[in-house]
Amino acid sequence: MILSCAEVAPPPGGEADEAGPSLLTVIPANGSTNVPPTDRVVLQFSERVVEPRAGKAFFISPRFAEEPRVRWHGDRIEIIFPDSIQPDQTYIISLSSTITDLRGNRFDSAGTIAFSTGATLDSGRVSGTVMNNRSPMTGLLAALYEMDLFAADSVIWDSLPPTYLTTTNQQGRFSFAYLPDREYRLVVFQDRNGNERFNPGREAFALPDRPIAVNGPLPLTDLRLSMTSEDTTSAGILSATFTADRLLRIRTVRAIPTAFLAANPSNMVLRPLADTTQAVRARSILETERDSSATLTAWFGRPDTGQYRLEVTFDPERPALIQDTIAIGYPEDRSRPTIVAFTPDQGSHFLRDLDPTITFSEPLDTAAITPETFVFWREPDSIQVPVGWSWRDPFRIGFEKESLKEGESYRVSVTEFELRDPAGNTVGDSLREYRFSTLNVDSLGSIAGTISVELTDLRTAPIMLTFRRVGKTESYTLRAVGTSFVIDVPAGDYLLSGFIDTDLDGVLSLGSLHPYRFAETQASLVDTVEVRARFETAGSELIFR
């Protein structure tokens, strides 16, 4: 009988237990003040609890220099501190969801216990929700750091001990309570190695959109954070090769942003080693539609043969990437050019947003293109539509849309053998077709609503709104200025979200560590918005607080 009682196992038989353990009592009592010196806390649960195999069962703040010892006694946990608690100090114990009963039912990680050795308890609160692509993130560490840890110019994050720690629960929510009135820096991160230190090079993280000043002017109890990561690898050029199709193909150590080079290709420079005061500048890059890329394909025209030095400035605030030696030569070109992309995709689009474009893998022989190379047909009657075109840059042809109409379907035929590079290589030997359609505005519905920004400093910034159609891949965006908005969309159900575009680039920023920048403020509607054709759905209110 003694041997059988010693085994820790779920109780046999009976109705399935799906309820997690609850906390009954704490010594010292939760919320008590003027607690005399002690070296331990005792937690009494409603049932027997199990020590987690991985992760911590609780976090104590402020942290002790040494880890406390923990004794598990059935339905009771005894936490023994390495030193007696300090006078006039609020202590916080955050319980983790790794605590379970014998059947594996979890304790809610929102559990927080506090007591004070002084006459009062601190009252500050910080809480929020962490998401990744609209999914809640559970089991993350939420860390608050006192600001004096950041006095130095450079910060080594994985050497910083957080002042306060807690975890996110099944809904992605974290909560700090009983905080003193101070300013902190907040980071929520995946503690992959379990050392309770944030390592930006290997651990994804989330940053807030505002300073964490407890009991300060900004609300801190409903923060919205989104996961991101930071590549700490130094940027550099792995290789740079002048290809047979007269392009310079550059491979970098890590993906680099392409927006600056797309708008300013001349910041890619070839300098002859015989005279580095001379410069041959790129005229275009292929990867303009990507936010970032580890491969850049640039066209410099026809530079002279010889040895060159390459300089690539992808960010005016960072030093140029350098390749000391590149050989330029002209071997025989036998490779076919390709059509990299046709836009728009096969779907329905607003005529006002339409910008038909074909992107090629290399510059083509413009003299070989005839009026029959690109033909637009209106379907289903196969009626030819006259559409003019022009070169946007050496890689792209753009088509005019003045002859296109709303509520129509179109087919674009491309004669492959009339598309050839300067060496005479053709795209193919047949016809290629692309299809798309335009929306009829008269058959659309509309969403109208208001915007409320409770953050005084951000009330004049533009708002980027996204209307994502439920069950579809399509979404529509609107740049709103002021306190109201209206947008026409196809009938259906929509999820509305938005962010305050403080840096005016139209892209949601999730913040950065080096330099430290806050994320942009986000908001969303919990309920879907139902849109009917030819009707306006009003009353949506998006609140940024």
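This is a dialogue in which a student and a tutor read a predicted model of a protein, feature by feature.

Student: How many helices and strands are there in the protein?

Tutor: Keep in mind that the model is predicted. The protein has 2 helices and 45 strands. Its radius of gyration is 31 Å, well over the 24 Å that the globule rule gives for 545 residues, so the protein is more spread out than a compact globule. Taken along the principal axes, the box filled by the C-alpha atoms is roughly 90 × 65 × 55 Å.

Student: What share of the 545 residues is buried, and what area does the protein expose?

Tutor: A residue counts as buried when its relative accessible area is under 20%. In this protein, buried residues make up 46% of the 545 residues. The area that the protein exposes is about 27700 Å², and carbon and sulfur atoms supply 47% of it.

Student: What part of the contacts joins residues 24 or more positions apart?

Tutor: Among the contacts in the protein with a separation of 6 or more, 66% are between residues 24 or more positions apart. Val 412, which lies in strand S34 (residues 409-415), gives us a residue to follow. Leaving aside its neighbours within four places in sequence, Val 412 is in contact with Phe 342, Val 375, Phe 376, Arg 432, Glu 433, Tyr 434 and Phe 436.

Student: Is Val 412 buried or exposed?

Tutor: Val 412 is buried, because its relative accessible area is 0% and the cut-off for buried is under 20%. For a sense of distance, the C-alpha atoms of Val 412 and Pro 28, which are 384 residues apart along the chain, are separated by 76 Å.

Student: Which residues are in contact with Asn 440, apart from its neighbours within four places in sequence?

Tutor: With those neighbours left aside, Asn 440 is in contact with Glu 406 and Gly 407. Asn 440 belongs to the loop between strand S35 (431-438) and strand S36 (445-453), and it is partly exposed, with a relative accessible area of 32%. The C-alpha atoms of Asn 440 and Lys 405 are separated by 8.6 Å, although these residues are 35 residues apart along the chain.

Student: How many positive and negative side chains does the protein have, and how many salt bridges are found?

Tutor: There are 52 positive and 73 negative side chains, and the centres of the two sets lie 2 Å apart. A search of the whole structure finds 22 salt bridges. One of them pairs Arg 182 with Glu 146, where the closest N and O atoms are 2.9 Å apart. This pair links distant parts of the chain, since Arg 182 is in the loop between strand S14 (173-179) and strand S15 (183-189), whereas Glu 146 is in strand S12 (residues 141-146), 36 residues apart. Arg 182 is partly exposed at 44% relative accessible area, and Glu 146 also counts as partly exposed, at 22%.

Student: Is Arg 396, which meets Asp 393 in a salt bridge, buried or exposed?

Tutor: Arg 396 counts as buried, at 5% relative accessibility, and its salt bridge with Asp 393 has an N to O distance of 2.9 Å. A further salt bridge joins Arg 469 and Glu 474, with the closest N and O atoms 2.8 Å apart. Here Arg 469 is buried, with a relative accessible area of 19%, while Glu 474 is partly exposed, with 26%. In addition, salt bridges that share partners join Arg 271, Arg 309, Glu 311 and Asp 324 into one network.

Student: Which peptide bonds in the backbone are cis?

Tutor: Most residues other than glycine have a negative phi, and most peptide bonds are trans. Among the cis peptide bonds here, one joins Glu 379 and Pro 380, with omega about 10°. Pro 380 lies in the loop between strand S30 (374-379) and strand S31 (383-385). Another runs from His 514 to Pro 515, with omega near -5°, and Pro 515 is in the loop between strand S41 (512-513) and strand S42 (516-517).

Student: Where are Tyr 178 and Leu 504, and what phi do they have?

Tutor: Tyr 178 is found in strand S14, and its phi is positive, about 60°, although it is not a glycine. Leu 504, also not a glycine, has a positive phi of about 65°. Leu 504 is placed in the loop between strand S40 (492-500) and S41, and it is exposed, with a relative accessible area of 56%.

Definitions and conventions: Residues numbered from 1 in each chain as written. Predicted model: local features only at pLDDT ≥ 70, side-chain atom pairs only at ≥ 80, totals over all residues. Heavy atoms only, no water. Helix = DSSP H or I, 4+ residues; strand = E, 2+ residues; numbered from the N terminus. Rg over C-alpha atoms; globule rule 2.2 N^0.38 Å. Buried < 20%, exposed > 50% of the residue type's maximum accessible area, 1.4 Å probe, protein only. Contact = heavy atoms within 4.5 Å. Areas by Shrake-Rupley, 256 points an atom, 1.4 Å probe, with all protein chains shown as cover. Lys, Arg positive; Asp, Glu negative; His and termini not counted. Charge placed at Lys NZ, Arg CZ, Asp CG, Glu CD. Salt bridge = Lys/Arg side-chain N within 4 Å of Asp/Glu carboxyl O.
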